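Student: Could we go through this model together, one local feature at a time?
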Amino acid sequence: MEQLDFFTIPSPCIGVCQANNRGYCKGCLRSREERFHWQEMNNDQKRHVIKLCKQRYQRLLRWKRELEAGVAQEADNPQQSLF
């Protein structure tokens with residue numbers, strides 16, 4: 001049985017609207033195509049885009065943690081400052 005949609009899914013836009021070096025919005029992490037075609041998408045497509053944005057956000061957090069851990073390891077090693 002198909003579930004009925006009673007509410008529209010709001011745009012994840014937070015008003016930042018700047019693209020990063022990979023082409024994703026820095027605010028909502030949607031691609032250019034996802035942003036431009038949001039109004040034409042059905043609710044299933046919108047849910048999929050939001051799921052992709054959450055995955056992108058988790059990857060970004062993981063990358064930042066790894067970057068910070070790498071910087072901390074370099075700071076702990078006194079030999080690195082010699083080169």
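Student: To begin, in which segment is Cys-17 found?
Tutor: Cys-17 is found in the segment before H1. Helices (H or I, at least four residues) and strands (E, at least two) are DSSP runs, numbered from the N terminus. Please note that this is a predicted model, in which local features need pLDDT of at least 70 and side-chain atom pairs count only at pLDDT 80 or more, whereas totals for chains, interfaces and linings use all residues. Residues are numbered from 1 along each chain as its sequence is written, and side-chain values use heavy atoms, with hydrogens and water left out.

Student: What is the sign of phi for Cys-17?
Tutor: Cys-17 has a positive phi of about 55°, although it is not a glycine. Most residues other than glycine have a negative phi. Leu-29, also a residue other than glycine, has a positive phi near 65°, and Leu-29 is likewise found in the segment before H1.

Student: How many disulfides are there?
Tutor: The count is zero disulfides, a disulfide being a pair of cysteine sulfur atoms within 2.5 Å. Cys-13 is in no disulfide, and its nearest cysteine sulfur, that of Cys-17, is 4.0 Å away.

Student: Are those two cysteines buried or exposed?
Tutor: Cys-17 counts as exposed because its relative accessibility is 56%. Cys-13 counts as partly exposed, at 37%. The cut-offs are under 20% relative accessible area for buried and over 50% for exposed, with partly exposed in between (1.4 Å probe, protein chains only).

Student: Changing topic, how many salt bridges does the structure hold?
Tutor: The structure holds two salt bridges, each defined as a side-chain nitrogen of Lys or Arg within 4 Å of a carboxyl oxygen of Asp or Glu. In one of them, the side chains of Arg-56 and Glu-34 meet at 2.8 Å, N to O. This pair links distant parts of the chain, with Arg-56 in helix H2 and Glu-34 in helix H1 (residues 32-36), 22 residues apart.

Student: Is that pair buried or exposed?
Tutor: Arg-56 counts as buried because its relative accessibility is 11%, and Glu-34 counts as buried at 10%.

Student: And which residues form a salt bridge within helix H2?
Tutor: The side chains of Arg-47 and Asp-44 meet in a salt bridge at 2.8 Å, N to O. These residues are three apart in helix H2, so about one helical turn separates them. Arg-47 counts as partly exposed at 39% relative accessibility, whereas Asp-44 counts as exposed at 55%.

Student: What sits over the ring of Trp-38?
Tutor: The charged end of Arg-30 sits over that ring, 5.2 Å from the centre. The criterion is NZ of Lys or CZ of Arg within 6 Å of the ring centre and within 35 degrees of the ring normal.

Student: Finally, where does Leu-60 lie?
Tutor: Leu-60 lies in helix H2 (residues 43-76). Its C-alpha atom and that of Leu-29 are separated by 9.9 Å, although the two residues are 31 apart along the chain.

Student: Why does Leu-60 count as partly exposed, and why is Leu-29 buried?
Tutor: Leu-60 counts as partly exposed because its relative accessibility is 32%. Leu-29 is buried because its relative accessible area is 11%.
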